[in-house]
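Got the viewer open? Here is a short tour, stop by stop, with something to select at each one.

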Amino acid sequence: MTDKAYAWFEEQQTARGINVEEVKRKIKQFKIETPSWGYGDSGTRFKVFQKEGVPRDPFEKMEDAAVVHRLTGLAPTVAIHIPWDKVGDYGKLRSHAESLGLKIGAVNPNLFQEEDYMLGSVTNSDAAVRRKATEHLLECVDIAKATGSRDLSLWFADGTNYPGQGDIRQRKNWMQEALSEMYKALTKDMRMLIEYKCFEPGFYHTDLADWGMAYNTALKLGEQAQVLVDTGHHLPGANIEHIVAYLIDEKRLGGFHFNSRKYADDDLIVGTVNPYELFLIFYQILNGAVDTDEGIRQGVDSIAYMLDQSHNIEQKIPAMIRSVLNVQTAYAKALLIDHSEVAAAQEKNDVLAAEHAIRKASEFDVTPLLHAVREEEGLPIDPMEAYLMSSYPEEIKARGKGGASW
């Protein structure tokens, strides 16, 4: 970065009434959680292409995650998936993460990869299978207690492929029954983040198919249950920003699983297909952050930003670095929106002026700003280049192939 480039950027934004120092402060505070499974071999529905040097266990996943955080300053927590990250001593895993400057983030139960769950887990017509699934949810609560995790991220593959295959209303009640039991096991500091998905693997119906169903389920459980928005879990054309704004206003937006999709749940690197959508999501979040309702502001402050991506053909660590940097860039651009300008245009019903006030923030080159932030924090100006020039990519090749896989 040159001082001239940043000076020009600062002058430009100050002239617009933007407090650049405050923007920098917020960028430094912004963090995003990376997923342990994103460091291992993962794939599409067709094949997992094994890469050389992927972690062989959860402890090595933490070591890779620590590299991403050390270079970007953005990713101090790592989500775990059970049983993919099952270990004999979760206190030991927690200590290992903390020794690397990390914390264990959300705990994700897995209720979709066992033979018993072919026709559903907590909504299976077999009471023994439902019990098994519920016990796994309770196990994950205990794991969260051992790891010091606040959030439990819940996604269910439960659904049907054909009309009449299952009693939809009965399955709805079974879902609520299992989640109610899990909810009662939470400590007062924990949250249940309820995810939804429009289809897949169930192609006729999914038991939690959209944000409304997840929201309704959360309302019945209590304030510690909130909705998790996976940006890939929507039908083409869905207005995700609208969903985000609605949930913020209802004080029920718990978090995100960020990725990109072109057609369905493609699990691509966030910000690669539709970066403007990501920017607009942050616009709605930041609009909530300046709301006069203290409850809405507090809700926005507690949003968990997490990645959920499948790095199938990409090298894992570079893919993760690219992901967190893309999110940071979208957030930085959204911080340049002048909300008073937008509000003034809305008051006048000036459609184009309101749209322009938002769009022009997305068109600013925030590279000098992000370079300045990284310099002030003692981080590499270009984290990707710093990683590729380091010895770490060669060092991890000693792990060979066939490491941890989903």
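Start with helix α6, residues 168-185, in this predicted model. Pick the C-alpha atoms at its two ends and you'll find them 26 Å apart. That agrees with expectation, because 18 residues at 1.5 Å a residue should span 26 Å. Now colour in the buried side of the story: Arg 171, Trp 174, Met 175, Gln 176, Ala 178, Leu 179, Met 182 and Tyr 183 are the buried residues of α6. As you look along them, keep the helical repeat in mind: with 3.6 residues a turn, residues three or four places apart point the same way.

Before leaving α6, select Asp 167, which caps the N-terminal end of the helix. One of the side-chain oxygens of Asp 167 sits 3.2 Å from the backbone nitrogen of Arg 169.

Next stop, the backbone oddities. Most residues other than glycine have a negative phi, and most peptide bonds are trans. Go to Pro 83, in the loop between β2 (77-82) and α4. The bond leading from Ile 82 into Pro 83 is cis, with omega near 20°. Then jump to Pro 201, in the loop between β6 (191-194) and β7 (205-206). Here the peptide bond from Glu 200 is cis too, with omega near 10°.

For positive phi, select Lys 251, in the loop that runs between α8 (240-249) and β9 (253-258). Its phi is near 60°, although Lys 251 is not a glycine. Lys 251 counts as partly exposed because its relative accessibility is 38%. Asp 267 has a positive phi as well, about 55°, and is found in the loop between β9 and α9. Is Asp 267 buried or exposed? It's buried, since its relative accessible area is 12%, under the 20% cut-off.

Keep Lys 251 selected, as it also lines the largest cavity. Rolling a probe the size of a water molecule over the atoms shows where empty space is left. Searching the whole structure this way turns up three cavities of 30 Å³ or more, and the largest holds about 50 Å³ of space. To see its walls, select Gln 226, Ile 248, Lys 251, Arg 252, Leu 253, Gly 295, Ile 296, Gly 299, Val 300 and Ile 303. Which element gives the most to this lining? That would be α10, with four residues. By class, the lining of the largest cavity has five nonpolar, three polar and two charged residues.

Now for the largest pocket, with a volume of about 1,100 Å³. Its lining takes in 42 residues, and those closest to the centre are Gln 29, Phe 30, Asp 301, Tyr 305 and Tyr 331, a handy set to centre the view on. Elements giving two or more residues to the lining are α2 (20-29), α4 (90-99), β3 (103-109), α9 (275-289), α10 (294-301), β10 (304-307) and α11 (316-334). Colour α2 on its own, as this helix gives the most to the lining, with five residues. Colour by class and the pocket lining divides into 19 nonpolar, 10 polar and 13 charged residues.

Last stop, the cysteines. Cys 140 is buried, because its relative accessible area is 0%, while Cys 198 counts as partly exposed at 22%. How many disulfides are there to show? The count comes to zero, where a pair of cysteine sulfur atoms would have to be within 2.5 Å.

Note on methods: Residues numbered from 1 in each chain as written. Predicted model: local features only at pLDDT ≥ 70, side-chain atom pairs only at ≥ 80, totals over all residues. Heavy atoms only, no water. Buried < 20%, exposed > 50% of the residue type's maximum accessible area, 1.4 Å probe, protein only. 1 Å grid on protein atoms, 1.4 Å probe; cavity = no way out; pocket = protein on both sides within 12 Å on 5 of 7 lines; lining within 4 Å. Points joined across faces, edges and corners; volume = space filled by probe spheres on them. Nonpolar A, V, L, I, M, F, W, Y, C, P; charged D, E, K, R; others polar. Expected span 1.5 Å × (residues − 1). Polar contact = N/O pair within 3.5 Å; in protein donor to acceptor, adjacent residues only side chain to side chain.
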